[in-house]
Each structure stands twice: as structure tokens, then as C-alpha cells.
Amino acid sequence: TNPSMVNVLGSGHSPELDAIGAWEISDKALAGISSPVLLLTGGEDCIAPVEDAEMIASHLNNATCIRVPGGGHGMMYQFPDLIAALSLDFLSQHKR
């Protein structure tokens, strides 16, 4: 179980939250991803901590990880124009 999730949520809230807290990812699985990946992480996200995004990015071969200051788990609703601009910029840099 991901200790940061238990600290924030406690245990036994719902099957969904328990699944999120128990989620683990293999470094080998991440290293096998060759496509460009954009990770947008909210600086104030208590559900998916910045450290998780940074860890995932560190195991990917072609990752861009951007921390959105003040962004929570719903940062796409807090900062829709910024998220759209960052996403479009990333996509324009990685056209095939």
C-alpha cells in the first residue's frame, strides 16, 4: 500500500480509494514505454502527489514532467487554459 495515500485518506474509505492506495507500478514496465509522455502534476495534489509523477518520469525514456503550482487533483478545472496550453504545446512538439 502506498503510505502517502493512507496518510491522506486513511484506510477503508471505498474500494476505489483502497485500489488507488495499493497501486504499484513496475520500473521495468515504465522503461518499456518509448512514446513521449507528458505528466502534469498539481503542486497541491493530495491524491496523486508530485513525488509520484516525478518517480514515474524518472523511469520513462522520454518524459516531460511539469508541476503546476497551486494545482490540486482537479487542476484541469482550476486552470483549464494553462492545462490546455501545456498539452497543446507538448503535442505540437511531438507530432509524428
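**Exercise 1. How many salt bridges does the count come to by the rule that a side-chain nitrogen of Lys or Arg lies within 4 Å of a carboxyl oxygen of Asp or Glu?**

Preliminary note. This is a predicted model, in which local features need pLDDT of at least 70 and side-chain atom pairs count only at pLDDT 80 or more, while totals for chains, interfaces and linings use all residues. Residues are numbered from 1 along each chain as its sequence is written, and side-chain values use heavy atoms, leaving out hydrogens and water.

Solution.
Step 1. By this rule the count comes to 1 salt bridge.
Step 2. The partners are the side chains of Glu54 and Arg67, with 3.2 Å from N to O.
Step 3. Glu54 belongs to helix α4 and Arg67 to strand β2, so the pair ties together parts that are 13 residues apart in sequence.
Step 4. Relative accessible area is judged with a 1.4 Å probe on protein chains only: under 20% is buried, over 50% is exposed, and partly exposed lies in between. Glu54, at 36%, is partly exposed. Arg67, at 46%, is partly exposed.

**Exercise 2. Determine the order of the elements and describe how the strands pair.**

Solution.
Step 1. Helices (H or I, at least four residues) and strands (E, at least two) are DSSP runs, numbered from the N terminus. The chain has 6 helices and 2 strands.
Step 2. Read from the N terminus, the order is α-α-α-β-α-β-α-α.
Step 3. Two strands pair if DSSP finds at least two bridges between them. Strands β1 (residues 37-42) and β2 (residues 63-68) run parallel and are joined by 6 bridges.
Step 4. The path from β1 to β2 leads through helix α4 (residues 50-59), and this β-α-β crossover is right-handed. Right-handed signifies that, with the strands pointing away from the viewer, the path from the first strand over the helix to the second runs clockwise.
Step 5. Val37 has Ala63 in β2 as its bridge partner, and Thr41 stands opposite Arg67 in β2.

**Exercise 3. Assess the confidence of the model and the burial of its residues.**

Solution.
Step 1. The predictor's confidence in each residue is the pLDDT, from 0 to 100. For the chain its mean is 83, and 80% of the residues reach 70 or more.
Step 2. Residues 1-6 have a pLDDT below 50; beyond near neighbours in sequence, this stretch has 11 contacts (heavy atoms within 4.5 Å) in the model.
Step 3. Of the 96 residues in the chain, 25% are buried.
Step 4. Among contacts between residues at least 6 apart in sequence, 60% join residues at least 24 apart.
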